[in-house]
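Student: Please take one part of this model and examine it closely, giving the cut-off behind each term. I should like a single connected account rather than a list.

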Amino acid sequence: MTTTNTDLNWIANYIWGIADDVLRDLYVRGKYRDVILPMTVLRRLDAVLEDSKQAVLDMKTTLDNAGVIEQDPTLRQIADQAFYNTSKFTLSDLRARANRQQLEADFRAWLDGFSPNVQDILENFEFRNQVSRLSRADALGTLIEKLTSPDINLSPAPVHYADGKVRHLGLDNHGMGTIFEELIRRFNEENNEEAGEHWTPRDAVTLMAKLVFLPVADQIKSGTYLIYDGACGTGGMLTVAEDVLQQLAADHGKEVSTHLYGQEINAETYAICKADLLLKGEGDAADNIVGGPEHSTLANDAFPSREFDFMLSNPPYGKSWKTDLERMGGKRDMRDPRFVIEHDGDPEYSLVTRSSDGQMLFLANKLSKMKPGGSRIAEVHNGSSLFTGDAGQGESNIRRWIIENDWLEAIVALPLNMFYNTGIATYVWVLTNRKPDHRQGKVQLIDATEWHRPLRKNLGKKNCELGEADIQRICDTFLAFEESEQSKIFDNAAFGYYKVTVERPLRLEGTDPNRAYKAAEIKKLKEDCERSETAPPVIKKIHKRGTETDPLRGRFEATVNGRPAVVEYEPDTDLRDTEQIPLQEEGGIEAFLQREVLPYAADAWYQPDSVRIGYEISFTRYFYKPQPMRTLEEIRADIIALEKETEGLLGEIVGAQPHTRGT
C-alpha cells in the first residue's frame with residue numbers, strides 16, 4: 001500500500017489545525033507560518049534520523065576523541081542523509097518534560113545538535129526567536145505533543161496499532177514534499193497580499209516548464225542536467241521543472257539526473273526553499289540554494305562561473321534595485337560583466353536599467369549563464385519589459401541584444417489576474433541560444449489571454465487558472481509555429497527602429513544672413529531677439545568652397561555676401577523633434593524623412609551621429625481587435641427606449657421644484 005492524495009491532504013489538514021488550536025491567542029493568523037513551517041520541517045527531519053540516531057552519536061564521540069574538526073561529511077554518511085543531529089535527544093524524548101524551563105533548555109539543545117545546513121534554515125526562519133515566546137505561553141510542549149502524536153505520521157516508517165496492524169503508512173520524501181508545499185500554499189493564500197512576491201502559481205510554472213522542455217523533448221539524452229532559478233522563491237519552479245524533465249525523459253526511454261541551483265534574497269523564503277528540498281531527499285540540491293539578505297542575485301551572483309542547461313524564473317517587477325546598483329559601482333562605473341558587454345562593436349554596451357525596476361537584469365543574468373552548446377530559458381515579466389526604455393537605454397538595449405543575437409523564440413501573453421498579488425498583464429519570455437532552423441531570425445507572439453478557466457474562489461487577485469487543456473493548447477500553438485488569430489510570427493527586425501532627432505533652423509529677427517555666429521553670440525541673440533518664421537536662419541558654420549551640400553544632414557546651399565556657399569544652421573531646440581523609423585523601412589531613414597517630414601518642413605534635417613537603435617514589442621498593436629461600430633438602427637432603438645424610460649420625468653422634477661422668485 002502507498003500513501004494516497006487523500007492521506008496527504010488529511011495530514012496537511014491536521015497540521016493546519018494545530019496552528020488554530022495552539023497559536024490562535026499567541027500569534028496573529030498571518031504569523032502562524034513562522035512557527036508551523038519550521039516545526040513541521042524539524043519534526044520530519046527528526047523522524048527520518050531516528051533509526052541512525054545512536055550510530056551518529058557514537059561516531060560523534062569517536063571523531064571528538066580523535067580531534068577531528070571537519071566532521072560534517074562523515075556524520076552525513078553515518079546518518080545516510082544530507083543532514084544529522086548530534087544532540088542526545090529526539091523530539092519524542094522531549095514530550096515528557098513537565099518543567100517548562102527544562103523543556104525550553106532541552107529543546108534548544110536539540111536544535112543546536114542539527115547539522116550546519118539545518119542551522120542555516122533555522123537562522124533564516126529566525127525560529128529561535130519564537131522559542132521563548134512559545135515556552136512562556138506553555139505552547140511549546142503542546143506543539144511537540146501534537147506533532148509527535150501517534151495520530152499523525154511524518155516518519156518514513158509506518159505506525160502500528162498494539163496488535164501489529166498498520167495504523168499509518170510510512171511517508172516517503174515525495175509525499176512529505178507534497179504536504180509541505182500544500183502548507184506553504186495555504187499560508188501564502190492567507191497572506192495573499194505578499195504571496196505573489198515569492199510564490200508563482202503552479203499552473204503558470206507548469207506552462208513555463210513545458211515551454212522550456214517540449215521543444216527539445218526528443219533531443220534529451222541520458223545524462224546530467226543543471227537547472228537554475230536566480231529568483232527562486234520557495235523553489236517551486238525548480239522542483240516542477242525537475243519533475244517535468246524527469247517525466248519527459250522517461251517517456252523517451254532516457255535516464256536523467258538533475259542538479260538544482262537557486263538564489264533568493266528573502267531570508268524566510270530561502271529557508272522554505274532549502275527545507276523543502278531537504279524534505280524531498282534532495283540534499284545536494286539544498287546545498288546549491290544560496291540566499292538571505294546579503295545574497296542579492298544582482299549585486300552578489302552566487303554562481304558567476306556556472307552555466308546551466310535550463311533556467312526558469314519569476315523575478316520581482318517594479319522593485320527598486322538602487323542599493324544593488326550602488327554596490328556595483330553605479331550606472332556610470334558598472335563593473336559587472338553581466339550588464340556591460342560588447343555588442344555591435346560597442347565595448348561598453350550597457351544593459352543597466354532604471355534603478356526603480358530591475359526585472360530585465362534577471363534575464364540578462366540568465367543569458368550570461370547559457371551553455372555554448374545550447375540552453376533554454378523561460379521567465380515571467382510584466383508589460384514594461386516589452387516597451388519601457390528609450391532607444392539606447394538599458395531596457396531597450398537588453399531587448400536589442402537579445403533579438404539581434406536571435407535568442408528570443410517566443411513571448412506568451414498570459415490571462416489577466418493569473419497571480420496572487422497583481423491583476424496586471426504578464427508575459428512568459430522563451431529564449432534559447434540554439435534555435436531550430438525553422439525559427440531562426442523569427443519571433444513568435446502568442447495571445448493566450450482568453451485561454452483559462454475561472455476559480456471557484458478568488459485567491460487574492462488571482463481569479464483564474466490555466467487548466468490542463470489550456471496549457472496543452474498554448475504548447476501546441478507554440479510547437480506548431482504557424483500564423484493564426486492567436487499566433488503571429490515576425491522577423492527579428494520587425495521590432496527594431498531608428499530613433500532620429502529631426503532639427504529645424506533657429507530664426508531670429510534682426511540677424512545677419514551673411515555671417516556665421518559663434519556660440520556665445522547665438523546665446524546672446526536668443527536672449528535679445530524674437531523668434532520669427534519669416535526671419536533668416538541663424539548660420540553657425542560656413543563651409544569651405546567645394547563642400548558638397550546635403551540638406552538631410554544639415555548642409556544647405558545659401559547665398560552669403562552675394563556668393564553661393566554651403567552652410568550649417570543653428571538648430572531651434574523648441575522645434576526639435578524625434579521620429580521612430582522602422583528598421584525595415586524601405587529606403588531607410590532618408591526615404592522616410594523625404595516622405596513623412598520634408599513635405600511639411602522643407603528646412604528640416606537630422607543628426608546622423610544622434611541616431612539610436614531601439615527595440616520594443618507591442619502586443620496591443622499586433623493583436624488589437626477593433627469592435628464593430630454600432631448600426632444606426634441599434635443607436636435609434638436605444639434613443640427611443642431612453643425616451644420612453646424618461647417620459648414625464650422632467651415634468652415631475654420641474655413640478656416638484658419650490659418657487660424661489662416672486663412674480
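Tutor: A disulfide is taken here as a pair of cysteine sulfur atoms within 2.5 Å. The model is a predicted one, in which local features need pLDDT of at least 70 and side-chain atom pairs count only at pLDDT 80 or more, whereas totals for chains, interfaces and linings use all residues. Residues are numbered from 1 along each chain as its sequence is written, and side-chain values use heavy atoms, with hydrogens and water left out.

By that criterion, the structure holds zero disulfides. C232 is in none, and the cysteine sulfur nearest to its own, that of C273, lies 4.1 Å away. Because its relative accessibility is 4%, C232 counts as buried (under 20% relative accessible area; exposed is over 50% and partly exposed in between, with a 1.4 Å probe and protein chains only). C273 likewise takes part in no disulfide, its nearest cysteine sulfur being that of C232 at 4.1 Å. With a relative accessible area of 1%, C273 is therefore buried.

The part chosen for the close look is an open sheet of nine strands, ordered β5-β4-β3-β6-β9-β11-β10-β12-β15 with mixed pairing. Strands are DSSP runs of E with at least two residues, and helices are runs of H or I with at least four, numbered from the N terminus; two strands pair if DSSP finds at least two bridges between them. At the edges lie β5 (289-291) and β15 (487-491), each of which pairs on one side only. From one strand to the next, the twist averages 15 degrees (axes are lines fitted to C-alpha atoms, for helices over the stretch in contact, and angles run from 0 to 180 degrees between N-to-C directions).

Within this sheet, consider strand β6, residues 310-313. F310 and L312 point one way from β6, M311 and S313 point the other way, and all are buried. One partner of β6 is strand β3 (residues 223-229), which pairs with β6 in the parallel sense over two bridges. There, I227 has F310 as its bridge partner in β6. With β9, strand β6 also runs parallel, and four bridges join them. S313 stands opposite E379 of β9 in that pairing.

Strand β9 (residues 376-382) carries the description onward: with strand β11 (residues 426-432) the pairing is antiparallel and extends over seven bridges. Opposite V380 stands V428 in β11. The mixed pairing of the sheet can thus be followed locally, from the parallel β6 and β9 to the antiparallel β9 and β11.

A second open sheet offers a contrast. It consists of three strands in the order β17-β19-β18, with antiparallel pairing. Its edge strands, β17 (539-542) and β18 (556-560), each pair on one side only, and its twist averages 55 degrees from one strand to the next. Five bridges link β18 and strand β19 (residues 563-569) in the antiparallel sense, and A558 faces A565 in β19.

Finally, a helix completes the picture. Helix α18 (residues 394-404) is mostly covered, 10 of its 11 residues being buried. Among the buried residues of α18 are E395, R399, R400 and W401. Just after α18, D406 adopts a positive phi of about 60 degrees.
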